[in-house]
Amino acid sequence: MHFTTLILALGLLWPVGPPPPEILRGWQPPPGPYAPGHRGVDLAAPPGTPVLAPTAGTVTFAGPVGGHGVLTLTLPGTGTPPLRTTFTPVTPLVKTGTQVAPGTPLAQVTPGIHCRETCLHWGLLRGDHYLNPLLLTNRAPSRLLPLGD
């Protein structure tokens, strides 16, 4: 199944909101596996904001990594290896192994050092390859407007 068709079939939701959150920092893929980059997007979200399952999946990790809470949701039927979406910094509300429906509260945003403002860092991976999580959202297409009069 083509990636775009797969995403439309999943019917994914934003992990915080509605309305869709402000994107504080976009995805900046690194030029190589160990090079600097931003391997996800930062969404504006104050502490305590519920983090919702963007689609049905299985929680495959919920716990601390490097002193910050992390939650990973694995998406079934998305190929081999399956897509995994990650959220940090959070306090998980569900345990590893929990199967969830779209919109299920998974965690709460906690203060962290990743953003100047409190945010939710949202990542997407297939195996060890990072992808842009905004591909999972239904966003209006960009429009170019003419310059000047």
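**Starting from a glycine in a loop**

Gly 37 has a relative accessible area of 34%, so this glycine counts as partly exposed; with a 1.4 Å probe and protein chains only, buried means under 20% relative accessible area, exposed means over 50%, and partly exposed lies in between. You will find Gly 37 in the loop between β1 and β2. Apart from residues up to four places away in sequence, Gly 37 touches Gln 28 and Pro 30, where contact means heavy atoms within 4.5 Å. Trp 27 is 10 residues from Gly 37 in sequence, and their C-alpha atoms are 8.1 Å apart.

Before going further, a word on what you are looking at. This is a predicted model, in which local features need pLDDT of at least 70 and side-chain atom pairs count only at pLDDT 80 or more, while totals for chains, interfaces and linings use all residues. Residues are numbered from 1 along each chain as its sequence is written, and side-chain values use heavy atoms, with hydrogens and water left out.

How confident is the predictor? The mean pLDDT of the protein chain is 87, and 85% of the residues score at least 70; pLDDT is the predictor's confidence in each residue, on a scale from 0 to 100. Among the elements, strand β8 (residues 99-100) has the highest mean pLDDT, at 98, and helix α1 (residues 3-10) the lowest, at 46. Over residues 1-9 pLDDT stays under 50, and the model has 15 contacts beyond four places in sequence for this stretch.

Now for the overall layout. The protein chain has 1 helix and 11 strands, taken as DSSP runs numbered from the N terminus, with helices being H or I over at least four residues and strands E over at least two. The helix comes at the start, and the strands follow in the order α-β-β-β-β-β-β-β-β-β-β-β. Of the 149 residues in the protein chain, 38% are buried. Among contacts between residues at least 6 apart in sequence, 59% join residues at least 24 apart.

Next, look inside. The largest nonpolar core has 26 residues, of which Phe 87, Leu 106, Leu 120 and Trp 122 touch the most other members. Such a core is a set of buried Ala, Val, Leu, Ile, Met, Phe, Trp, Tyr and Cys residues joined through side-chain atoms within 4.5 Å. Two or more residues of this core come from each of β2 (41-44), β5 (68-74), β6 (83-88), β9 (105-109) and β10 (119-126). Leaving aside neighbours within four places in sequence, the contacts of Phe 87 include Pro 15, Val 51, Leu 106, Leu 120 and Trp 122.

Which aromatic rings come together here? The whole structure holds 2 aromatic pairs. The rings of Trp 14 and Trp 122 have centres 6.2 Å apart and planes at 55°, so they form a tilted pair. Rings of Phe, Tyr and Trp (its six-membered ring) pair if their centres lie within 6.5 Å, and planes under 30 degrees apart count as stacked, over 60 as edge-to-face and the rest as tilted. Because Trp 14 lies in the loop between α1 and β1 and Trp 122 in strand β10, this pair ties together parts that are 108 residues apart in sequence. In the stacked pair, Phe 87 and Trp 122 lie 6.5 Å centre to centre, with 10° between the planes. Phe 87 belongs to strand β6 and Trp 122 to strand β10, so this pair ties together parts 35 residues apart in sequence. Trp 14, Phe 87 and Trp 122 form one aromatic cluster.

Back in the loop between β1 (23-25) and β2 sits His 38. Is His 38 buried or exposed? With 3% relative accessibility, His 38 counts as buried. A polar atom of the His 38 side chain lies 2.9 Å from the backbone oxygen of Gly 26. The side chains of His 38 and Asp 42 are joined by a polar contact of 3.2 Å.

Two bends in the rule close the tour. Most peptide bonds are trans. The peptide bond from Pro 18 to Pro 19 is cis, with omega near -5°, and Pro 19 lies in the loop between α1 and β1. The bond from Thr 88 to Pro 89 is also cis, with omega near -10°, and Pro 89 is in the loop between β6 and β7 (90-92).

Technical notes: A polar contact is a pair of N or O atoms within 3.5 Å; within protein, one must be able to donate a hydrogen and the other to accept it, and residues adjacent in sequence count only if both atoms are side-chain atoms.
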